[in-house]
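Good morning, and thank you for the time on today's agenda. Please have the sequence and the three-dimensional view open while I speak.

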Amino acid sequence: MTIKIIKACVILALFATIQIFPKYNALTRSSKAPARPEYPYPHLLVKDMNEEQLEKTLEYGKHDQIQDKDLVFKVFFHLISQSKSQEKIKIYKLDFADYLFNIKDYEKSLMAYEEFSMLYPGCAESEYVMYKGILCNFLLSLDFDRDQTLTQRTVSAAMLFLQKVKDEKFKTETPNIYNSCRQRLFDHEIYVLETYLKLKKFSSARKRIEYIEKEFKDINHLSEYLVYCNQMVEIVQNPKTRPFIIQLNLDHALKDKKDLVVPARKARGALFFLG
């Protein structure tokens, strides 16, 4: 009796396996990654291709599984130089600028967008191209403790763009870029002020505070920051209260005055950060 039960269990197990495996194999086949595309014209040089062949080759080179930058650059060059349609040349140039942006080559992308703007002023894509140029400048700009030329350029371009932009999406997104750049410029000025304090250039420090007050009225809590900065100049300028380590912390400008720490003469041997 026991042997019969065992045989019955074995038969049931085999039957279940036969039923399950086909489903498993079908599921496995359906979940496989898409096949890698094949190069469309293996026996043809790019320079010998016609426009249709170049377009198909471009699609191949830009494919997620291929991403052949050298091939894409070469194909774009031949498409732009060989096409007899001015409208298609325009499309290729914009597509090339977008491709450079998508691969995060923002410097070349910026040049491509600027060239497009010069060649096709007032075209339907002009607002898009101007916005992408601003975005390139923004992404190329450096941190607050480094040169701010590109940040300032982004601010200027954004201000001009906002005066005439009509697209609602760009109207919404451009102020975010502008405000971010303005904050970075403000942070840069605070960094310069801190440097003057470290070098004991107190006259330059006060002039820097005056400049900040004049040029950054759009910064939130500016009045509190100015009070804090002036207090810190007084602390550093006084030999009795000057700390060994000078580092401005604007977060403390928004705290209650009782929370601000001023080093006593006895505490000068300890590490101290302003604020």
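I shall go through the overall fold, one helix pair, the largest pocket and a few individual residues.

Let me note at the outset that this is a predicted model. The protein chain contains 10 helices and 0 strands. Read from the N terminus, the order of elements is therefore α-α-α-α-α-α-α-α-α-α. Of the 275 residues in the protein chain, 36% are buried. As for contacts, if we take those between residues at least 6 apart in sequence, 59% of them join residues at least 24 apart.

I turn now to a helix pair. Two packed helices are described by the angle between their axes and the distance between the axes. How do helix 9 and helix 10 stand to each other? Helix 9 covers residues 202–215 and helix 10 covers residues 222–237; their axes come within 11 Å and cross at roughly 175°. Because angles over 145 degrees count as roughly antiparallel, that description applies to helix 9 and helix 10.

Which residues make this contact? On the side of helix 9, they are Phe-202, Ala-205, Arg-206, Ile-209, Ile-212 and Glu-213. Helix 10 meets them with Leu-222, Leu-226, Cys-229, Asn-230, Val-233, Glu-234, Val-236 and Gln-237. By class, the contact of helix 9 with helix 10 comprises 9 nonpolar, 2 polar and 3 charged residues.

The loop between helix 9 and helix 10 includes His-221. The phi angle of His-221 is near 65°, a positive value in a residue other than glycine. His-221 has a relative accessible area of 42% and is therefore classed as partly exposed. A second residue deserves mention here, namely Lys-104, in the loop between helix 4 and helix 5. Its phi is likewise positive, near 65°, and Lys-104 is a residue other than glycine. With a relative accessible area of 62%, Lys-104 is exposed.

Next, the empty space. Rolling a probe the size of a water molecule over the atoms shows where empty space is left. The largest pocket holds about 200 Å³ of space. Its lining consists of 13 residues, and Glu-114, Met-130, Gly-133, Ile-134 and Ala-157 are those nearest its centre. Helix 5 (106–119), helix 6 (126–140) and helix 7 (149–164) are the elements that each give two or more residues to this lining. Which helix gives the most? That is helix 6, with 5 residues. Sorted by class, the lining has 8 nonpolar, 3 polar and 2 charged residues.

Finally, I should like to consider two residues in contact, Lys-90 and Phe-116. Lys-90 is placed in helix 4, residues 86–102, while Phe-116 belongs to helix 5. Is Lys-90 buried or exposed? Its relative accessibility is 13%, and since buried means under 20%, Lys-90 counts as buried. Phe-116 is buried as well, with a relative accessible area of 2%.

Leaving aside residues up to four places away in sequence, Lys-90 touches Phe-116, Tyr-120, Cys-123 and Glu-125. On that same basis, Phe-116 touches Lys-90, Lys-93, Leu-94, Cys-123, Glu-125 and Val-129. One further distance concerns Phe-116 and Met-130, which are 14 residues apart along the chain: their C-alpha atoms are separated by 9.6 Å. Met-130 was named earlier among the residues nearest the centre of the largest pocket.

Key
Residues are numbered from 1 along each chain as its sequence is written. This is a predicted model: local features need pLDDT of at least 70, side-chain atom pairs count only at pLDDT 80 or more; totals for chains, interfaces and linings use all residues. Side-chain values use heavy atoms; hydrogens and water are left out. Axes are lines fitted to C-alpha atoms, for helices over the stretch in contact, and angles run from 0 to 180 degrees between N-to-C directions. Helices (H or I, at least four residues) and strands (E, at least two) are DSSP runs, numbered from the N terminus. Angles under 35 degrees count as roughly parallel, over 145 as roughly antiparallel, 65 to 115 as roughly perpendicular and the rest as oblique. Contact means heavy atoms within 4.5 Å. Ala, Val, Leu, Ile, Met, Phe, Trp, Tyr, Cys and Pro count as nonpolar, Asp, Glu, Lys and Arg as charged, and the others, Gly among them, as polar. On a 1 Å grid over the protein atoms alone, a cavity is a set of points where a 1.4 Å probe fits but cannot get out, and a pocket is an open set with protein on both sides within 12 Å along at least five of seven lines; lining residues have an atom within 4 Å of a point. Grid points are joined across faces, edges and corners, and a volume is the space filled by probe spheres set on the points. Buried means under 20% relative accessible area, exposed over 50%, partly exposed in between (1.4 Å probe, protein chains only).
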